[in-house]
Amino acid sequence: MAAVPEPGGHEVSRAGAQGYAAEWARAVRRLGFVPLSAGETERLLHRHTVRLAQALLAEPFSTRPAAEIGRALVEAHLTEPGVLDWSVQALGDRFLAQVLPDGVRTDAAADRIAALQGALAAGFARALRDRTFAQQERIARSAWQARDEVEQALRDSEARFRAVFSGAAMGIGIAGVDGQVIDVNQAFADMLGYSIEELRQINVASLFHADDAAGMWELYQELIEGKHDSARVEKRYYRKDGSVVWTDLAVSLVRYDDGRPRFTVAMVEDITERYELQQRLRFQALHDPLTGLPNRTLFFETLGLVFDTTDAERRVGLCFLDLDGFKAVNDSFGHDLGDRLLVAIARRLADCVAGRGHLVARMGGDEFVILVDDGEEIDDVVAVAEAALAAVAAPVRIGDHQLAVSASVGIVECPVGTTSVSELMKAADTTLYWAKAEGRGRWAVWDPERSAQDIARSALVAGLPAALDRGEFVLHYQPIVSLLEGSMLAVEALVRWQHPELGLVGPDRFIGLAEETGLIVRLGEWVLRQACRDAQAWRREFPDGRLVVSVNLAARQAEDPAIVDTVADALARSGLPAHLLQLELTESAVMGTAGEPLRSLHRLAGLGVRLAIDDFGTGYSNLAYLRRLPIHCLKLAGPFVEGIRGDGPEAAAGHRDERIVDALVRLAHALELWVTAEAVETEVQAERLRALRCDTGQGRWFGPPVPAAEITARLRGAGT
């Protein structure tokens, strides 16, 4: 590689300078942080290498370039002490051998090298010193500037705080950890009716409302102990004139740098108007707008508090009161008068019940509830209920009208730990229903056994429709036997419910429910059709027999305009002759029949169906009316037959019943009617009925109700 011409006729080795610069760059990067890339560092040091070589060979000789290179190293931030040490040492024999051309005198070159080394070190040192001085000056200048800025910021902050403190509409107070007031603003002073100077002489404890004082000191203690940095509460303060101001208080603790409590800062807002508005709104939300009594919301809050805060053994009582016939008052006199009546009743209840310390609330409509949470036994709650009933029952004059109303009360009383709020209210509602069902104007006490019966009854009611759809009902038949011959002339179809859980359920448990729900029409039609099918099956197997099947017809069925078509269709579908079907109706149903039901009876008789009056003698029969009805048979009520007994203590009563039966049989025969005696239980009864010329008998003596298959077996036995 060609050499670079230098002053004085000597040439610098290009390759040597490049290698020296590369080695210098590696040493620099190894010795400390270099803010330049490897390539940038090598190019920079290559330029310095060439310049050092040129300075060494220049005529006249000067060390100035070496001093400038030393400064340049500092300016390039190559300031690690090891960098200067390596650079000075390498500028010796290694530099002469690697960079300078052959032929340079060794002694002269060595002297010049030493001078350059000194100049490089001196330039490096001066540059480093100058930079250090410049940095110190900048630091000092920045420190003074920062201090000035902090002082100005502090003055600005104090000015702003003072402006806020003095001009704020919210009260601000500063107090020591002992509660002694240090300073307050004008808004705080105006809020409490003091001057600022007066408040500076006061301890905040004297300003606390008596009911809040303990809680406030506890709050301050928790702040001082570091449990909270700040707190916010609604508290009352006394004004100078003794009145009370409600405040929204936010208090914070300010500490010294070492963490010790220094003082407290309180931000206080007067919320008296807002609090009073909230109280009015709460009263409106928790009280009935018509009567002013607590409403159901407040009642349930209070009842829930009793359950949550009292001992499980403490007893609680409820009186659930409902006015009897209040709807009639509204319908007759209008809702305005009805509302005035409610107000009067509420006032009476408040006077006689709430005056004893019990809570009385309006639940809605004409329902009221009384909470008795300090009674010791049921008699205490009953006494409250009787007082309420007496208060309601007194006549009320409203305008030109004097009204008298009564009420029914359901009473529940039990230990808190044995029930819940919802169960207690459910029991009270159920008991109120019992009181109304028992005649109104009275009270009824909760009875768990009766409730269980009602629940079972409700379960049966709910299950009736599905049971009919699933075919769970079956028919049993009770023989009706000739008292003269002893042969079975008829059977009465009696329905049973083959319940999947309760087993075989008798009609006394569900027929009344079916009548109440209206399902009796569907159930009665099913009984009619099934009885006709069974009777036709017996007729086919025993064609010489004339067995009549008797089916009970409910009053609602008799009133159904479609009853005649239903009976005719059942006969047609089964093929049973009409004269082998007997329909039984109760005496009260037949005697009250008029209009369409009466026409239905005549049309049924026109079909050839037999009609019988069941339980005859228990109602109030009009004999002239009975004579005009298309009746074929009278079934004497069981109580008369049960009275026919043998000798003994009850013989006299039995003789009276026997005379009654005798008269009824004679009456029926005079009307050309067939007579069946029910509830024949003994041979003595059967013999006496036979002597009285009663036609047929029915009861346990002749056989209990049995499935159709057993009637079939009995008919087969009679045939043999």
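This dialogue walks through a strand sheet and some helix contacts in a predicted model.

Q: In what order do the strands of the open sheet lie, and how are they paired?
A: Reading a sheet means following its strands from neighbour to neighbour. Here the open sheet has 5 strands in the order E4-E3-E7-E6-E5, and the pairing is antiparallel.

Q: Which strands stand at the edges?
A: Strand E4, residues 181-184, and strand E5, residues 230-238, stand there with a single partner strand each, so one side of each has no neighbour in the sheet. From one strand to the next, the twist averages 30°.

Q: How many bridges join strand E3 to E4?
A: Strand E3, which covers residues 171-176, is joined to E4 by 3 bridges, and the two run antiparallel. To place one of these in the structure, look for Ala175, whose bridge partner in E4 is Val181.

Q: Which strands does helix H10 lie across?
A: Helix H10, residues 272-286, lies across E5, strand E6 (244-255) and strand E7 (261-270), and its direction makes an angle of about 120° with E6.

Q: At what angle do the axes of helices H12 and H13 cross?
A: The axes of H12 (residues 326-333) and H13 (residues 335-352) cross at roughly 140° and come within 7 Å. Because angles over 145 degrees count as roughly antiparallel, H12 is instead described as oblique to H13.

Q: Which residues meet where H12 contacts H13?
A: From H12 come Phe326, Val329, Asn330 and Phe333, which meet His335, Leu337, Gly338, Leu341 and Leu342 of H13. Sorted by class, this contact comprises 6 nonpolar residues and 3 polar ones, with no charged residues.

Conventions: Residues numbered from 1 in each chain as written. Predicted model: local features only at pLDDT ≥ 70, side-chain atom pairs only at ≥ 80, totals over all residues. Heavy atoms only, no water. Pairing = 2+ DSSP bridges. Helix = DSSP H or I, 4+ residues; strand = E, 2+ residues; numbered from the N terminus. Axes fitted to C-alpha atoms, helices over the stretch in contact; angles between N-to-C directions. Contact = heavy atoms within 4.5 Å. Parallel < 35°, antiparallel > 145°, perpendicular 65-115°, else oblique. Nonpolar A, V, L, I, M, F, W, Y, C, P; charged D, E, K, R; others polar.
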